[in-house]
2 protein chains.
Amino acid sequence: MSIVLYDLCGADDRRFSPYCWRVKMALAHKGLPFETRPVPFRQIRDICDGAQTSVPVIEDDGRIVRDSFDIAVYLETTYPELPSLFGGAAGLGLSRFVDKWSVLEINATLVRMIVADIHGVLQPDDEPYFRETREKRFGARLEEVQEGREERLETLRAKLEPARQTLARQPYLSGITPLFADFILFGTLQWARIASPLQILADDDPIRPWFEGCLDLYGGIGRSAAAAA
Amino acid sequence: MSIVLYDLCGADDRRFSPYCWRVKMALAHKGLPFETRPVPFRQIRDICDGAQTSVPVIEDDGRIVRDSFDIAVYLETTYPELPSLFGGAAGLGLSRFVDKWSVLEINATLVRMIVADIHGVLQPDDEPYFRETREKRFGARLEEVQEGREERLETLRAKLEPARQTLARQPYLSGITPLFADFILFGTLQWARIASPLQILADDDPIRPWFEGCLDLYGGIGRSAAAAA
């Protein structure tokens, strides 16, 4: 039986969640058959056992696993004979560091630059929930949070410097092949690509060829999602 | 024959270099016999083949290797039968990311908080070179660069958050055992510990038990270096 991934969706079936992208790439990397079930924010409470509050969530032969990192660890443990997501215990440990760095340094900065754009790609019935929770979180209207983002691009790009310098020395964050740590940063950039017209990476950013390469992995599942106009 | 490590030294044979500490920990982790040769800044040009401009440098049976990360890779490649520093190719790749993060985010912030203290622990004959090069780099007198550092402590501690949250989930950055990625951040904190009385980590910082544990590794070679008064 195929693994089911509950995948956040917006209007026009846009799948923009950075954390769901991590999992799609992980499933594809393992070569596991999976189907995605689109879920708008307001229906997350209705999936699986009714106890879920965020996606991604996977169902695998009756087992329910949530949280993108925990899902990756679950897949690695459950399917050790399939291509590894971590390349061993050290790779797993250090991938967790990349996860924390990505969430704290990159996603937290980026969301303030695209949050009104994200609102703009939601299903209309999701808009009130999203606006209310995010405006409470940021203490300002979404449009104000995003305002002046062009001036913050340099800050975001500077925060990406550790990844940039790493990719100047080796093809992937994980070294010579793409593994889950790559999917972490890929998910972040794919989130922006799908939800926002803002160009995060400069044309000549060395991170760009790595990202383009990731879009083409596994039959191009990343690239098959349309970029924001 | 023992490996020789050229190890930066200050007055009273203080060994404070973060990059030399990475290598000492790496050599100890591999269980390789080594001796250190103390080198003040002004004598780096005299070591080995006269072509070296920074330390750490190791000499291993006639081979000269420089740069802490390259030395770790060299040791891993040359002594694959000894305990691994990376835990495989993914661990090596991701350790490079930790290296870039540490240098760009942590060391670059920290040095501006302890640079006058470092000057204070040098051999007197090293002081003019250090002052001149660092004041040129920072565009201000060392004392001015360091001034007001207490107000910058929160910024530095916030930058450590990815490591903090990782260590809240697992004993080491590298997962379940300490590997080179741990020695990278250890070297940074050991640098501050030896050169400066400034307390980088709050008393209740969860990074602290990890650091204390690292000080005790391999017979306590880290702890055997006296902390700044």
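Helices here are DSSP runs of H or I with at least four residues, numbered from the N terminus. With that in hand, welcome to a tour of a predicted model.

**Stop 1: a leucine in chain A**

Select L75(A), which sits in helix α2, residues 68-78 of chain A. Is L75(A) buried or exposed? Its relative accessibility is 0%, so L75(A) counts as buried, since buried means under 20%. Now add I3(A) to your selection: it is 72 residues away from L75(A) along the chain, and the two C-alpha atoms are separated by 11 Å.

Next, colour residues 7-83 of chain A. UniProt lists this stretch as "domain: GST N-terminal", in an unreviewed entry. Over these residues the chain is 31% helix and 21% strand, and the C-alpha atoms at the two ends are 23 Å apart.

**Stop 2: a strand in chain B**

Move to chain B and select strand β1, residues 3-8. Six of its six residues are buried, so please hide any surface first to see them. Look at one side of β1(B) and you will find I3(B), L5(B) and D7(B); turn to the other side for V4(B), Y6(B) and L8(B). Both faces are covered, and all of these residues are buried.

Which strands does β1(B) pair with? Show β2(B), residues 34-39: it runs parallel to β1(B), and six bridges join the two. Then show β3(B), residues 57-60, which pairs with β1(B) in the antiparallel sense over three bridges. L5(B) is a handy landmark, with T36(B) as its bridge partner in β2(B) and I58(B) as its bridge partner in β3(B).

Now add helix α1(B), residues 18-30, to the view. Together, β1(B), α1(B) and β2(B) make a right-handed β-α-β unit.

**Stop 3: two unusual spots in the backbone**

Most residues other than glycine have a negative phi, and most peptide bonds are trans. Here are some exceptions to look for.

Zoom in on V55(A) and P56(A): a cis peptide bond joins them, with omega about 10 degrees. P56(A) is in the loop between β2 and β3 of chain A. In chain B, the peptide bond from V55(B) to P56(B) is also cis, with omega near 10 degrees, and P56(B) lies in the loop between β2 and β3 of that chain.

Then select D13(A), in the loop between β1 and α1 of chain A. Phi of D13(A) is near 55 degrees, a positive value in a residue other than glycine. D13(A) has 42% relative accessibility, so it counts as partly exposed. For D13(B), phi is near 55 degrees too; D13(B) lies in the loop between β1 and α1 of chain B, and its 42% relative accessibility makes it partly exposed.

**Stop 4: the largest pocket**

Select P18(B), Y19(B), V55(B), R134(B) and R137(B), the lining residues that lie nearest the centre of the largest pocket. In total, 30 residues line this pocket, and its volume is about 710 Å³. Which helix gives the most to the lining? That is α3(B), with eight residues.

**Last stop: a helix inside chain B**

Finish with helix α8(B), residues 180-195. Its 16 residues, at 1.5 Å a residue, should span 22 Å, and the end C-alpha atoms are 22 Å apart, which agrees. How many of the 16 residues of α8(B) are buried? The count is 16, so α8(B) is largely enclosed by the rest of the structure.

Conventions
Residues numbered from 1 in each chain as written. Chains lettered and ligands numbered in written order. Predicted model: local features only at pLDDT ≥ 70, side-chain atom pairs only at ≥ 80, totals over all residues. Heavy atoms only, no water. Expected span 1.5 Å × (residues − 1). Buried < 20%, exposed > 50% of the residue type's maximum accessible area, 1.4 Å probe, protein only. Pairing = 2+ DSSP bridges. Right-handed = clockwise from strand over helix to strand, strands pointing away. UniProt positions renumbered as here; feature names shortened; annotations may be inferred. 1 Å grid on protein atoms, 1.4 Å probe; cavity = no way out; pocket = protein on both sides within 12 Å on 5 of 7 lines; lining within 4 Å. Points joined across faces, edges and corners; volume = space filled by probe spheres on them.
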